[in-house]
Structures are given as structure tokens and as C-alpha cells.
Amino acid sequence: MMLSTKRFLVLSIVFLLTASVSVPVNAQQTLNDVKKERGLTDADVLAAVKTFMPRGGRDEYFGIVGTGNSGTMIVYGIPSMRIYKYVGVFSPEPWQGYGFDDESSLMLKKASLDDRISEYGDMRFPAFAETDGKYNGKYAFFSDGANSRVALLGLDDFETKQVLSHPLFISCYPGVAVTQNTNYIIQTSQFPSSWDKSIDPTQFKSGITFWFFDDPKKASKSGHIGRMLKEKSFTLELPPYTLGYFDAGKFSSNGFVTGVADKDGKHYVYVVDYKKLEGAKKTSFNNFGVVELNEALNANAVAFIEIPYAAKSVKVSPKGIYFIAVGDDTYVFDFAKAKNALDSKKFSGKTDDGIPVIAANDVKHGDIKLGSGVIDIAFDYRDNTAFASVFNDHKIVRFNYDKMKKDAELTLSFKPAYLMTPQGMSAEPHSNYLTVVDKEGLYDNFVSTGPIRPSFQHLIDISSDKMSDIYTMSLPQANMYGSESVLRTTIKPIIRYPTGTNTRTGETSRYKTVAGMEKVERQGNRVHVFGTLIRSHITPEIVEVNEGDIVTFHLTNLELAEDETHGFTIDTYGKHGSFEPGKTASLTFVADRPGAFPYYCTEFCSALHLEMEGILMVKPKGYKGTGGSGEIKLTKEELAAYKKNYEDKLVVIQQTQDVINSVVTWLKENHYENYPYVKALVGDAVDQLNKATKAKENYEKYAAEGKWKDAFLWAEQYFQYQVKAADVGLRAKTLLTEKLEETK
Ligand SMILES: [Cu+2]
């Protein structure tokens, strides 16, 4: 009985196992098979096709979004919604060595008032640089609400180029606005606080800062290097209002900034004529120019429009004619009327702190109820058309803000928050797509990742009158608010830097090191290592220092080829650098831990990637060495063995050289120089061989002297260089073969 039960069990298991593998495998599934199997509707498939990016296909737009509190920027593609890059902005980011190498750490430290690096940032509403109101694809800007900083990113290489600490504000609104020719980057305070370390609430202030932006007309080889200039920037002092979303005027309203201001249950939209402020008297406060409130009022540069609700957002229409405040009601204000009211002092009264108030009805073009709890609007490419997110109603509403008329609406499965249309904040919004941040989404539909969830952003197809929700993107490490996007082709990313570039300044680094010039310099306990990185070698390979030395590795990536980034780390020393082709960066640390510490390349750069290694020897305090001169006399037999090894190696070297020669001949015959990427690879291979020259001189010299061990070791070194050159050369050949196939 027992036995048969057991037998039955075994049989059952065998049966189950066989059953589970005996499901017929469809050799070739059709689209209909997949649809059926996965329970997909035609609408699902259509949505998938609309966002699918075929191999080699490129997205139409680059989207950028601040991660909320992670302090990094996410770059993604539209319509595929694929994430391309995380870029360190306000917080250290190890992949790019941001906040780890000396160059970026210095930049972040400079943005600190007291030499402390804030290791996170609250960044919500980015802005792109503009020329004549259109995105020029050169820069992006962010505000750090929590640590009062402002940042500039270069879009030539998607790197942070400048971070400044606000000299007055303790709390900043986590968004920025850019004027139509990027003359100013505008940043405001958010929660009122004191500017002088006082804790007396009667001293609290708010303000609007105009960061002067200097943009050199031409790009250098390493990209555009515009900078915000603190000495030419200034702040408008305001009474302690809580300031919210704001936007800059355009064209006929250029010179104005408008935004949300609330205090004591009263709600306003401010209008500020900053051209009038440029000429106003400035007071220096913490070495920063301030236009005090009374000066601004004397210049008639500020007025508040009182509204009956707390606006969630104020945005300027693409042509600069209207500014639209949204909330429980949507008020469309006419800039010409507001400007006229300010200039002719047509005020209905004053706030209790003396700011002139304009009656909303005097400057309003119209108002419209779009639904319950409007959070945001985004502009459409059609004239006077915008989309609104109606939070409580789960709706997107398309409306005409000139005629005050609803055109269309889409009911969503979630509560919509912030919106974005491609190029929507520029003078030329594009069509087809609308992104919507999903707040209080129906999480039942998503995989749970525990109590903290990613942010979700939906892609809405707005290419026809019938809007449809076609994709849900999950954004990890992000608490998402606003995003912006630009036509991908407007941005012209570089693929390499001129050799030896300090990428943060755009200048040639004083620590640039070229092949053959690697060295270690010591002054007392200060050690500078000037090294190079190239497939598949880190030079120097051995560095010896004493415990307690202050050591800096200045490394230059010598690669000319595309996408040949090397990483660099020294085990347990907690330092990490990223070296894109041409970049020079430095890593400084105190060698306070004695022992042997391998260093290596952390990026998978080539097949011989793991050969990119070396070792840091930190000699313990009082280290005397192993004794002896290290010169050990070789026996006759040993010497003969080395001689044999040497001669064998020479044969291998000759064979390898034959391979190299044949590859070189082939490359030349096929005009490799006409293909930039192949040419760059060949350049790298030649570099490798040039480095080998010295090794060859050495082995020939030692061979002539009969020092067979040294001769063999140098021949081996020469062979290593040769193999690496051959490796790169063969890659060039493969690539050129592919190119030639393509052009057939
Ligand atoms: Cu590498």
C-alpha cells in the first residue's frame, strides 16, 4: 500500500512535469495569436504601435523632468517614453562621477554658502533656453526649492555646468522661467523667511530674482558655455507672500513676469515689469543687488491682480497675449490691459503692505469653469487652444481661451496633475502628444513595489479630436511634477570632447595628460598622478604612495571613438569617476588606509575591459621594504630560458604585426578615412602602437646587452600594446565592412 502510494505520487509528478512542458510551442505566432493570448484589444495594439520605436528608430522629442527630491534630471523620449539618462544636478550621482570628481565637487561646493554640499534637491519645473521665444536646444535650467539653488545644464553633453546658491532666499519655488532670449533666468522665493538670519517674523520677506545670463554666441569645441552672472543679477524685494507658479512674458509682453502670490487668505496674480527694475536703484544685500519694495513701487514696476481663488498655475500664452490663471475658475487675463492699467496707474486699491491692486475685471479677457480642481494647463499648436487637467473630475479638457469655450474632453482612469505638450512653453507648441502626471492613479492596475511607488506619467494622443490615453510610463526615483520637451533635432549633442577637457568649465584642463606623458609627481606628502585611459590600459599601472599622503589621480580618456567612456575606481577608497572620450577629471583622497588597492575601469568599454586595471600600493607608516636591492642573479639556465622566451615572443610579435598590416592595408584600400567613426577607431589603434615604440626600443636595447629577462619582459609589454591595437583595428574593420554593406 505504502509503496503504491509512493509510486502513484512519483507518477503524478512525472505526469505533471511532462504536462507542463508538453504545451505546444508556437513556432510562428501571428499578431492575432498574441492579441488573443494576452487579452489585448485593437485599441491596445494601436496604442502600442503608436509608441513603439523600431530598432534604430529615434524619438521625435526629448523630454526632461526634475525628479522632485532626488536632485537629478531624467531625459526621456517621446513617444516611446523610454528613459535615456539620469543627470546629476543638485545631488551627487556616482555613474557620472558627479560630486565625486574634483571638478564637479568644486562646482557643487561653490554653490554652498558654508562649504557644505546639500546632497539632494527639490526640482520640479524646468525651463529650456530660448531665442526669440523658441527653444534653442542649448541649455536647461532648474531651481532647487529645498536648498535654494539654481542650476544650468548644457545640452551639448547633458551635463550640469553651473550651480549657484541663492544669496538671500532660504526657500525657493522649485521652478524657473526663462525670458524670450534667455537674458534672465527667473527664480522666486516660495515660503517667506528672513534674509538676514533673523527669526523675527516681522522681518520676513519674499522676492523675485532675475539671474543675468551671459551666452557666448558661438559654441567652443566642447560645447556652449553660457553662465549666469551673479554680479549682474538682482532681486525684487516683496512683502512676505507665499509665491507659486510663475511665467515670463513674450513678444508684446516681453519684460513682464507674472505668477501666483497668496497671503492671509487673499489670492493674487502678480505682474512685474522687470525692464523698469533694471533702471531702478539697487541696494547691496549679502553682495547681491536688491531693488527694495519702495524703489520698485516708485518705478511703478509691480501690481497685484486680486482673484477670488488660489491659483494653481499662471502661464503665458505662446504668442504672449494672455496670461491664464487656473484653479477653481480659469481666468484669462489680457497682457495689454494689465500693462495699460499698470502704466496708467489704474488701480482699485492697495494691499495692506502698499502694493497697488488691479481689479481682475479691468484686465480680464474672460473666464471659464472647466471643472472641479484645475491643476495645470498646456498649450496646443492650434491658436488660442489649451488643455487643462481637471483633478477632481478625472478629466482632460481642451478649450479655447479666446472664445471661452470647451472643445473636447477625455475621461481618465486617474486624477490628472501636471501637463506638458511638446515645445508647449515656447512660442511654437507642437501637436500630437500631451503628457499627464498621474496622481492618485488606480494603483490596482500597476505592479506594487511596496509603500513607495514610482511616479506615473501618461501619454495622451491628441493628434485627432478624439483624445486617447496610449501609454503609462513609470518613473523610478522620481516624485514628478512638471516636464518640458523639445524637438530632438533641436539639440545637437557632441560625441566627444577635445582631448583634455574639463567638462564643467569647457576649458582645457591643466591636468590634461597625453600618451607617453604619464607621470607621478610628489612634493612632500602631496602626490599627483597624471594618468591616461584607453582600451585596454590604465597608465600608470602601479602607483606607490605612503600612508597619509594626499593623492590625486588626474586621468584623461584618450579615446577618440564614440561611446568609449571609461570609469575609474580605487577599491574601498569610495572614489568614482566617469571619463567620457576626451574628458580629464581628477579624484583626490587621503591615502589613510595602508595596503594594496586595485583600481580598474568600471565601464564595460570593450572585450578587453577587465584588463584596464592597476594597483595602488599604500605603504604603511614606518615601512622599510623587503630588504635587498631586488637584483637577483640569474643562473645560466634561467638566462637561456629567458632568451628562448624572448625569441619565441619575437615570432609572435611578427605574426601579430602581419595581421595588423593586413588590416591596415584593407582599411586604406576601402578608404576608412571617409567614415568618421571608423577613422576615430583607427586613430585610437595608432595611438596604442605609438605608445609601444618605447617598449620596442627597450627590448632591443636589453637584447643587445644580453639582459634576456628584461628583453623578454619588454617584448611582452610591446606585445600587449600590439594586441590592443589589433583589437581596435579589427573592430574598425568590422565596422567599415558593415558601413560598406549598408551603402551597397
Ligand atoms: Cu574601460
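In this predicted model, a good place to start is an open sheet of six strands, laid out in the order β12-β13-β14-β17-β22-β21 with mixed pairing. At its edges stand β12 (242–248) and β21 (349–350), and each has a single partner strand, so one side of each is left without a neighbour in the sheet. At the β21 end, the partner is β22 (residues 356–359), and the two strands pair in the antiparallel sense over two bridges. One detail of that pairing is that K350 has P356 in β22 as its bridge partner. The sheet also has a helix for company: α7 (residues 335–343) lies across β13, β14 (266–273), β17 (302–307) and β22. Against β14, helix α7 runs at about 80 degrees.

Strand β13 covers residues 256–263, and D262 is found in it. Is D262 buried, partly exposed or exposed? With 15 other C-beta atoms within 10 Å, D262 is partly exposed, because burial takes 20 or more such atoms and exposure 12 or fewer. Setting aside neighbours within four places in sequence, D262 is in contact with Y241, T242, H267 and A310. A680, by contrast, is a long way off: D262 and A680 are 418 residues apart in sequence and 58 Å apart in space, C-alpha to C-alpha.

Another open sheet is made of four strands in the order β4-β5-β6-β7, and here the pairing is antiparallel. Its edge strands are β4 (127–131) and β7 (159–165), each of which pairs on one side only. On average, neighbouring strands of this sheet are turned by 30 degrees against each other, direction ignored. Within the sheet, β5 (residues 134–144) and β6 (residues 149–154) are joined in the antiparallel sense over six bridges. Across this pair, S143 of the one strand stands opposite V150 in β6.

Further along the chain, β36 (residues 526–534) turns out to have several pairings to look at. With β35 (residues 519–523), strand β36 runs antiparallel, and five bridges join the two. Q523 stands opposite R526 in β36. The hairpin of β35 and β36 has two residues between the strands, and G524 takes a positive phi near 60 degrees there. What sense does the pairing of β36 with β39 (residues 550–557) take? That pairing is parallel and spans eight bridges. R526 turns up again here, with I550 in β39 as its bridge partner. Then there is β37 (residues 537–539), which pairs with β36 in the antiparallel sense over three bridges. T532 stands opposite T539 in β37, and these two strands also form a hairpin, with two residues between them.

Turning to the interior, the largest nonpolar core has 133 residues. Those with the most contacts inside this core are F141, V176, I185, I186, V272 and A388. For A388, leaving aside neighbours within four places in sequence, the contacts are V326, T330, L370, V374, I377, V397 and F399. A second, separate core has 24 residues, including Y675, W708, F712 and Y721. As background, nonpolar side chains tend to be buried together in soluble globular proteins.

Helix α2 (residues 31–38) tells another story: of its eight residues the number buried is zero, so the helix lies largely in the open. Just after α2 comes G39, which takes a positive phi of about 65 degrees.

The chain is divided into domain 1 (501–619) and domain 2 (636–743). The C-alpha centres of the two domains lie 24 Å apart, and the contact takes 14 residues from domain 1 and 13 residues from domain 2. On the side of domain 1 that touches domain 2, the residues come out as seven nonpolar, four polar and three charged.

Stepping back to the whole chain, there are 11 helices and 44 strands. Along its principal axes the C-alpha trace spans about 105 × 85 × 65 Å. Of the 744 residues in the chain, 45% are buried. As for contacts between residues at least 6 apart in sequence, 62% of them join residues at least 24 apart.

Note on methods. Residues numbered from 1 in each chain as written. Predicted model: local features only at pLDDT ≥ 70, side-chain atom pairs only at ≥ 80, totals over all residues. Pairing = 2+ DSSP bridges. Axes fitted to C-alpha atoms, helices over the stretch in contact; angles between N-to-C directions. Contact = placed C-beta atoms within 7 Å. Core = buried A, V, L, I, M, F, W, Y, C linked by C-beta atoms within 7 Å. Domains from an automatic or database assignment. Nonpolar A, V, L, I, M, F, W, Y, C, P; charged D, E, K, R; others polar.
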